Structure formats: structure tokens, C-alpha cells
Amino acid sequence: MATTGAFHESLRTNNVARFMSYIDDAAIIAPPGEPHVSGKKAVEQWYKGFLTKYRTSVLVLSDKEVFVGDRWATEFGRFDWSLAPVDGSAAVLDHGTYMQVWKRQADGTWRFAREVWNSSPPARADVSH
């Protein structure tokens with residue numbers, strides 16, 4: 001879907017206004033290690049708060065699977081997300097898997113409805129076997 005490409009590009013360029021233009025009013029996100037966030041206004045607040053601390057320097061999505069139905073589409077894949085803290089401290093690299101659900105609107109456009117993503121830090125040596 002072309003919409004997902006534009007949506008992710010807005011995150012790559014830290015463009016919150018454009019990013020939010022793709023969000024459904026009833027969107028829910030589930031960031032790793034945090035409670036889920038419900039509703040477009042709450043999602044916008046979460047991203048604004050996040051982007052006051054970090055700027056995306058690189059976002060690579062790979063191994064994507066996209067399933068498109070009549071009213072819903074799902075995207076599943078892996079991500080590598082490099083974040084530059086705005087305070088100038090060392091960059092953070094997050095990686096893991098994600099799943100997004102997109103909802104077709106009455107006018108035929110697609111809006112981001114749900115997302116869950118997990119961080120996959122390397123396994124500790126004492127628990128990897």
C-alpha cells in the first residue's frame with residue numbers, strides 16, 4: 001500500500017503533523033514496555049512527547065508482509081529504528097517486530113488504526129540456551 005510508505009516516511013522525517021494525518025480517530029498503539037494509548041489525540045500526544053526526546057535518524061522496515069482486504073489491511077514485519085536523542089547523547093538503536101492494522105475509510109482512503117511493536121534486544125548470555 002502506498003499509504004503505509006508515506007506514513008513511514010513522515011516518521012523518518014519527524015513530521016508529526018503529516019504522520020497524524022494518516023491516523024484514524026479511534027487508533028490504538030501499544031509501545032513496548034508501556035500501557036496502550038487509545039484515540040487519535042492521545043496517540044498524537046504520545047508521539048509529540050517521544051519526538052521531543054528523540055529524532056528518527058534511520059527507520060528500516062524489512063521482511064514485510066502486507067495483507068489487504070476490502071475494509072482492512074495488515075502489515076507485519078521487522079524494524080531497525082535509529083534514534084538520535086535531542087540532548088546530544090549517544091544514539092539509540094531499537095529493533096524488533098511490528099504489526100499494523102489499517103482501516104479503509106468511507107472515501108476509500110486508508111487510515112492507521114492499530115499498532116503493536118516489540119523491541120528485541122540481544123538475549124542475555126545466561127538465558128540464551
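## Cavities, rings and charges

Mentor: In this predicted model, the second largest cavity holds about 30 Å³ of space. Let's begin there.

Trainee: Happy to! Which helices each supply at least two residues of the lining of the second largest cavity?

Mentor: Start from the residues themselves: S10, L11, N14, N15, V16, F19, Y47 and L51 line this cavity. By class, they divide into five nonpolar, three polar and no charged residues. The elements that each give at least two of the lining residues are helix 1, helix 2 (16–20) and helix 3 (40–53).

Trainee: Good. How many cavities of 30 Å³ or more does a search of the whole structure find, and what is the volume of the largest cavity?

Mentor: Searching the whole structure at that cut-off gives two cavities. For the largest cavity, the volume is about 130 Å³.

Trainee: Which element gives the largest share of the lining of the largest cavity?

Mentor: The lining of the largest cavity has 13 residues, and L11, L59, W81, Q100 and E115 lie nearest the centre. Two or more lining residues come from each of helix 1, strand 3 (54–68), strand 4 (72–85), strand 5 and strand 6 (110–119). The largest share, three residues, comes from helix 1.

Trainee: And by class, how many charged residues does the lining of the largest cavity have?

Mentor: Go through the classes in turn. Ten would be a fair place to start, since the lining has 10 nonpolar residues. Two more are polar, and the number of charged residues is one.

Trainee: Now the open side of things. What volume does the largest pocket have?

Mentor: Look first at the lining: P31, P32, E34, W46, F50, Y54, W81, L83, V92, D94 and W117. By class these are nine nonpolar, no polar and two charged residues, and helix 3, strand 4 and strand 5 each supply at least two of the lining residues. The volume of this largest pocket is about 220 Å³.

Trainee: I see several aromatic residues in that list. How are the rings of F50 and Y54 arranged: stacked, tilted or edge-to-face?

Mentor: A useful reminder first: a pair of aromatic rings is described by the distance of the centres and the angle of the planes. For F50 and Y54 the centres are 5.2 Å apart and the planes make 35°. Planes under 30 degrees apart count as stacked and those over 60 as edge-to-face, so the F50 and Y54 pair is tilted.

Trainee: Is Y54 buried or partly exposed?

Mentor: Buried needs under 20% relative accessible area. F50 has 16%, so F50 is buried. Y54 has 25%, so Y54 is partly exposed.

Trainee: What about F7 and W102: how many residues apart are they?

Mentor: The two rings form an edge-to-face pair, with 5.1 Å from centre to centre and 85° between the planes. F7 is buried and so is W102. The pair links distant parts of the chain, since F7 sits in helix 1 (residues 2–12) and W102 in strand 5 (residues 92–104); the separation is 95 residues.

Trainee: How many aromatic pairs are there?

Mentor: Many of the names above recur here: one aromatic cluster is formed by F7, F19, Y22, W46, Y47, F50, Y54, W81, W102, F112 and W117. The number of aromatic pairs is 11.

Trainee: Which element gives the largest share of the largest nonpolar core?

Mentor: In soluble globular proteins, nonpolar side chains tend to be buried together. The largest nonpolar core here has 27 residues, and I29, Y47, W81 and W117 have the most contacts inside it. Several elements each supply at least two residues, among them strand 1 (23–30) and helix 2, but the largest share, five residues, comes from helix 3.

Trainee: Last topic, salt bridges. By about how much of a helix are E9 and R12 separated?

Mentor: E9 forms a salt bridge with R12, with the closest N and O atoms 3.5 Å apart. E9 is partly exposed at 34%, and R12 at 28% also counts as partly exposed. Because the two are three residues apart in helix 1, their separation is about one helical turn.

Trainee: With which residue does the side chain of E44 meet in a salt bridge?

Mentor: The search finds two salt bridges. In this one the N to O distance is 3.5 Å, and the partners are four residues apart in helix 3. E44 is partly exposed at 26%; the partner, partly exposed at 44%, is K48.

Terms used: Residues numbered from 1 in each chain as written. Predicted model: local features only at pLDDT ≥ 70, side-chain atom pairs only at ≥ 80, totals over all residues. Heavy atoms only, no water. Phe/Tyr/Trp six-rings, centres within 6.5 Å; stacked < 30°, edge-to-face > 60°. Buried < 20%, exposed > 50% of the residue type's maximum accessible area, 1.4 Å probe, protein only. 1 Å grid on protein atoms, 1.4 Å probe; cavity = no way out; pocket = protein on both sides within 12 Å on 5 of 7 lines; lining within 4 Å. Points joined across faces, edges and corners; volume = space filled by probe spheres on them. Nonpolar A, V, L, I, M, F, W, Y, C, P; charged D, E, K, R; others polar. Salt bridge = Lys/Arg side-chain N within 4 Å of Asp/Glu carboxyl O. Core = buried A, V, L, I, M, F, W, Y, C linked by side-chain atoms within 4.5 Å.
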